[in-house]
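Here's a structure to walk through together. Have the viewer open and follow along as we go.

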Amino acid sequence: MKSKVLFTVRTLIFLLGLAIISNAVFLIVSSNIHTGIILTLILGIIIMLYGVFFTYINKKLPKWIRICVVSVCTIVCIFVVFLFAYGLNDTANYKEDVLIVLGATIKGDKPSKALCDRLDIAVEYHKKNPDAIIVVSGGQGPGENITEARAMSDYLISKGVPEDKIIKEDKSTSTFENFTNTKALLDKTLEGEYTVAFATSEYHVFRGVNMAESVGFKDVTHLHSRSRWWAVIPSGMRECLAVMKFIAFGF
């Protein structure tokens, strides 16, 4: 009986690792490779190997090390859940002067599905607050034929947003630069004080709020788009590292 339970546990761990690897491979084929995808692939390989060598590892690895590993994994999982849950609570009141759409990957010159989701939020926001300026923020990264800002602007225009309501910030390569460059641009463009909301994926909202405040935006509000299921693990892992970097270095 014990051997059957052990075999079942090993098999489930192996299949979990295999599923995570498959998730990473799918994303490698369908999108631009980034840190989150690489981490997902590594995680899947580790879990799969643990399933294969389950008995050997449990015998050879000291108990305190196993407890530490489990504890760290548990903390990371709880924090990832927090990031996704935090971003589900929208605070925008649709009276803001500006909506900032944070960039994400584009394939060639077309927005990725994740970026389209963010832009669709902006389209709906424009319908409710047509007087607001929409800032599309994102430079040009590896595998991208044009800047993210240009691709985002083209998408919004195709959805009926007037071009004169769109400002392109096309130099940034990170979230911190998204906000820093956008604030400098708005300070030059707008007179007096102005209110700001931003749109991004739910897991990204927590860091977005803190970074926006760190560069000088006050009372910033936010809207979220929902991540697709296959992006949850890589997005969560990547965001954990990004939050730790922000806490440690401030950017």
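What follows goes from the overall build of the chain to its rings, its surface and its charged pairs.

Before anything else, keep in mind that this is a predicted model. The chain has nine helices and seven strands. Run a box along the principal axes and the C-alpha atoms fill roughly 70 × 35 × 30 Å. Of the 251 residues, 42% count as buried. The accessible surface adds up to about 14,000 Å², and carbon and sulfur atoms hold 64% of that. If you take the contacts with a separation of 6 or more, 75% of them are between residues 24 or more positions apart.

Helix α8 is a good place to look inside. Its buried residues are Val 205, Arg 207, Gly 208, Val 209, Met 211 and Ala 212. What do the buried residues of α8 pack against? Their partners are the helices α4, α7 (175–189) and α9 (232–249), plus the strands β6 and β7 (221–225). Just after α8 you'll hit Gly 216, which has a positive phi of about 115°.

Now for the rings. Searching the whole structure turns up 13 aromatic pairs. Take Phe 84 and Tyr 203: the ring centres are 5.7 Å apart and the planes meet at 45°, so this pair is tilted. Phe 84 belongs to helix α4 (residues 63–86), while Tyr 203 is in the loop between β6 (196–201) and α8 (205–214), so the pair ties together parts that are 119 residues apart in sequence. Both Phe 84 and Tyr 203 are buried.

Compare that with Phe 249 and Phe 251, another tilted pair, with 6.1 Å from centre to centre and 40° between the planes. Phe 249 is exposed, at a relative accessible area of 59%, and Phe 251 counts as partly exposed at 40%. There is also a cluster, in which ring pairs link Phe 79, Phe 82, Tyr 86 and Phe 206. A ring can have a charge for company too: the charged end of Lys 128 sits over the ring of Tyr 94, 4.7 Å from the ring centre.

Next, the outside. Phe 14, Leu 15, Leu 18, Ile 45, Leu 49, Val 52, Phe 53 and Tyr 56 make up a nonpolar patch on the surface, with about 690 Å² of accessible area between them. Which helices each supply at least two residues of the patch? They are α1 (2–30) and α2 (35–52). Phe 53 sits in the loop between α2 and α3 (54–60), and with a relative accessible area of 44% it is partly exposed.

On to the charged residues. Side chains of opposite charge can pair when their charged atoms come close. The count here is six salt bridges, so let's visit some of them. In helix α5 (residues 113–128), Lys 127 and Glu 124 are three residues apart, about one turn of the helix. An α-helix has 3.6 residues a turn, so residues three or four places apart point the same way. The closest N and O atoms of the Lys 127–Glu 124 salt bridge are 3.3 Å apart. Lys 127 is exposed at 58% relative accessible area, and Glu 124 is partly exposed at 42%.

Helix α6 holds Asp 154 and Arg 150, which are four residues apart, again about one turn. Their salt bridge has its closest N and O atoms 3.3 Å apart. Asp 154 is partly exposed at 37%, and Arg 150 is partly exposed at 43%.

In helix α7, Lys 183 and Asp 187 are separated by about one helical turn because they are four residues apart. This salt bridge brings the closest N and O atoms to 3.0 Å. Is Lys 183 buried or exposed? Lys 183 is buried, with a relative accessible area of 18%, whereas Asp 187 counts as partly exposed at 40%.

One last stop takes us back to α6 (residues 148–158), where you'll find Glu 148. Glu 148 is buried, with a relative accessible area of 14%. Leaving out residues up to four places away in sequence, Glu 148 touches Gly 103, Ala 104, Thr 105, Ile 106, Gly 138 and Gly 139. Glu 148 and Gly 103 are 45 residues apart in sequence, yet 6.1 Å apart in space from C-alpha to C-alpha.

Notes. Residues numbered from 1 in each chain as written. Predicted model: local features only at pLDDT ≥ 70, side-chain atom pairs only at ≥ 80, totals over all residues. Heavy atoms only, no water. Phe/Tyr/Trp six-rings, centres within 6.5 Å; stacked < 30°, edge-to-face > 60°. Buried < 20%, exposed > 50% of the residue type's maximum accessible area, 1.4 Å probe, protein only. Lys NZ or Arg CZ within 6 Å of the ring centre and 35° of its normal. Patch = residues over 30% accessible without salt bridge, like charges linked within 9 Å, V, L, I, M, F, W, Y side chains within 5 Å. Areas by Shrake-Rupley, 256 points an atom, 1.4 Å probe, with all protein chains shown as cover. Salt bridge = Lys/Arg side-chain N within 4 Å of Asp/Glu carboxyl O. Contact = heavy atoms within 4.5 Å.
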